[in-house]
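Student: Please take one part of this structure and go through it with me slowly, since I have not met it before. I would like each term explained as it comes up, and I would like to see how the part sits within the rest of the chain.

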Amino acid sequence: MTTTTSNTGDGTVVPTHARYAHEYDRRLRVGLVGCGEQSLRNILPALRFCPVDLVAMADIIPERARKVGQSLGVERIFGTHTDLAESKEVDVILLATGYDTDGRALHARQAGDIVERGCHVWAEKPPASNAAEIVALANRAERSRRSLGFGFMKMFTPAMAQIHRILASQQFGAVTSVTLRDPEQLMDMSSRNDPQRLKWLLDHVVHSLSVLVSTAGRIERVIVERADNGAAAILLRFEAGAIGTLVLPWGQSGMAPKERLEIAGQGESLLLENTTRLTYYRAGALGRGAPAYGRVADMYTSFEEAPLLWDLQTYSGEPYNMHVFYQGYAPCLIAFFEAVMAGQPVRRAGLRDAHHIMEAYDAILRSTDGVPVDVSTGVDVKDC
Ligand SMILES: NC(=O)c1ccc[n+]([C@@H]2O[C@H](COP(=O)([O-])OP(=O)(O)OC[C@H]3O[C@@H](n4cnc5c(N)ncnc54)[C@H](O)[C@@H]3O)[C@@H](O)[C@H]2O)c1
């Protein structure tokens, strides 16, 4: 496989050419727990491009696992994640179970059960209901020496890989500000201890936080302003010095564009719309605020200064046109499996990222309007 290592310094391998599962010389034996919508729509299609043999499936409704398994030629069927982990038939277990009946995220608890039984784990988002659950998981994982990765696929989209390459260039300079919009709903204070009412926010805002962390680094503090309907503006200060906003325009039309990301460096900026449409505004006389202000009669600058625009070209039946690539599912899973096979810690979307994203989520929930809240709990969690 031709690969390029994105230059964020974390060594994560981002594929630029696709390979099918059977074309990899070395493959991991994988079992999937949770045969619901996410598995059918995104995980199973992405596995076709990963270095794996899918050999077992499990679901608390075994009949569902059996039917899905049958359609894919997978014969080994289990009811629970612990039964599958104890079977010794798989190296890695993928979790896409979601929530218990109280609305609490299952993945951290189940991942702990699995690593203690000797398998590596990749779990869908949300990784947990709060940061403390990730600390508990990290303690269990440390004793087991198994790898843990999470489904923050937005950190692995090809657009994000390109953003990482640009951010790493001297030309862009350090990130100074980042703005992200994503229509989620922040519940009022009276609902913030109710896992059922928080489910929607937890399910989605972790994606936004993963994008922010992936572009501007760890978040130092947040200040939240909330509208009565749950729309919110969250002001962010990043540890590396950048500032940012996460806007949740709850109440917008369901037909309106959802995600929009803007990053400013030092005289350059990036705009990502709709996951794939990336514009790179390079340094230029106009961009830097030319002293000739008021006399510029022609905005068409030289080719060297012109904005660069990339977007999906949907004519060809190429893997890049498949949502499992441009939405990041396949690259996220491939990076995890590559790390497991190399015996390397999972650096991007590993335990440390999951912990920090949950710290930021907890800080948003603690916030009352207009009051700054520190994000860090002072606990350092290590990737494995
Ligand atoms: N990254 C993404 O884009 C994305 C998109 C959708 C969903 N998800 C995540 O995937 C997870 C699953 O979502 P979904 O939409 O597939 O839900 P779902 O309810 O359709 O599927 C969950 C499946 O897990 C099974 N299950 C539940 N508890 C179990 C247990 N204890 N042991 C074994 N099986 C169990 C259920 O029977 C069901 O088949 C959620 O955490 C969700 O946030 C991620």
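**From an exposed loop into the central strands**

Tutor: Lys88 counts as exposed because it has 11 C-beta neighbours inside 10 Å; by the rule used here, a residue is exposed if 12 or fewer other C-beta atoms lie within 10 Å of its own, buried if there are 20 or more, and partly exposed in between, with C-beta atoms placed from the backbone. The model is a predicted one, in which local features need pLDDT of at least 70 and side-chain atom pairs count only at pLDDT 80 or more, while totals for chains, interfaces and linings use all residues. Residues are numbered from 1 along each chain as its sequence is written.

Lys88 sits in the loop between α3 (81–86) and β6, where helices (H or I, at least four residues) and strands (E, at least two) are DSSP runs numbered from the N terminus. The phi angle of Lys88 is near 65 degrees, a positive value in a residue that is not glycine.

Following the chain from this loop brings us to the strand I would like you to study. Strand β6 (residues 92–95) is covered on both faces, with Val92 and Leu94 buried on one side and Ile93 and Leu95 buried on the other. In a regular strand, the side chains alternate between the two faces of the sheet.

Next, consider what flanks this strand. β3 (28–33) pairs with β6 in the parallel sense over four bridges, two strands being counted as paired if DSSP finds at least two bridges between them. In this pairing Leu32 stands opposite Leu94 of β6. Strand β7 (residues 120–123) also pairs with β6 in the parallel sense over four bridges; here Val92 stands opposite His120 of β7, and Ile93 has Val121 as its bridge partner.

Strand β7 is covered in a similar manner, for His120 and Trp122 point one way, Val121 and Ala123 point the other way, and all are buried. Val121 touches Ile93, Leu95, Ala111, Ile114, Val115, Arg146 and Leu148, leaving aside residues up to four places away in sequence; such a contact requires the C-beta atoms of the two residues, placed from the backbone, to lie within 7 Å. In the loop between β7 and α5 you will find Pro126, which is joined to Lys125 by a cis peptide bond with omega about -10 degrees.

These strands also feed into a wider packing. The largest nonpolar core has 112 residues, and Ile93, Leu94 and Val121 are among those with the most contacts inside it; a core of this kind is a set of buried Ala, Val, Leu, Ile, Met, Phe, Trp, Tyr and Cys residues joined through C-beta atoms within 7 Å. The core draws at least three residues from each of domain 1 (3–154 + 330–350) and domain 2 (156–309 + 358–374), the domain bounds coming from an automatic or database domain assignment. In soluble globular proteins, nonpolar side chains tend to be buried together.

The centres of the two domains, taken over C-alpha atoms, are separated by 28 Å, and their contact takes 23 residues from domain 1 and 19 residues from domain 2. On the domain 1 side, the elements that give two or more residues are α5 (131–144) and α9 (329–342), and the largest share, three residues, comes from α9.

Finally, return to β3 and the loop that follows it. Gly36 lies in the loop between β3 and α1 and counts as partly exposed because it has 16 C-beta neighbours inside 10 Å. Its C-alpha atom is separated by 7.6 Å from that of Ala96, although the two residues are 60 apart along the chain. Gly36 is also one of the closest of the 24 residues that surround the ligand, together with Gly34, Glu37, Gln38 and Gly98; a residue is counted here if its C-beta atom, placed from the backbone, lies within 6 Å of the molecule. Helix α1 (residues 37–47) gives the largest share of this shell, four residues. By type, the shell divides into eight nonpolar, 10 polar and six charged residues, where Ala, Val, Leu, Ile, Met, Phe, Trp, Tyr, Cys and Pro count as nonpolar, Asp, Glu, Lys and Arg as charged, and the others, Gly among them, as polar.
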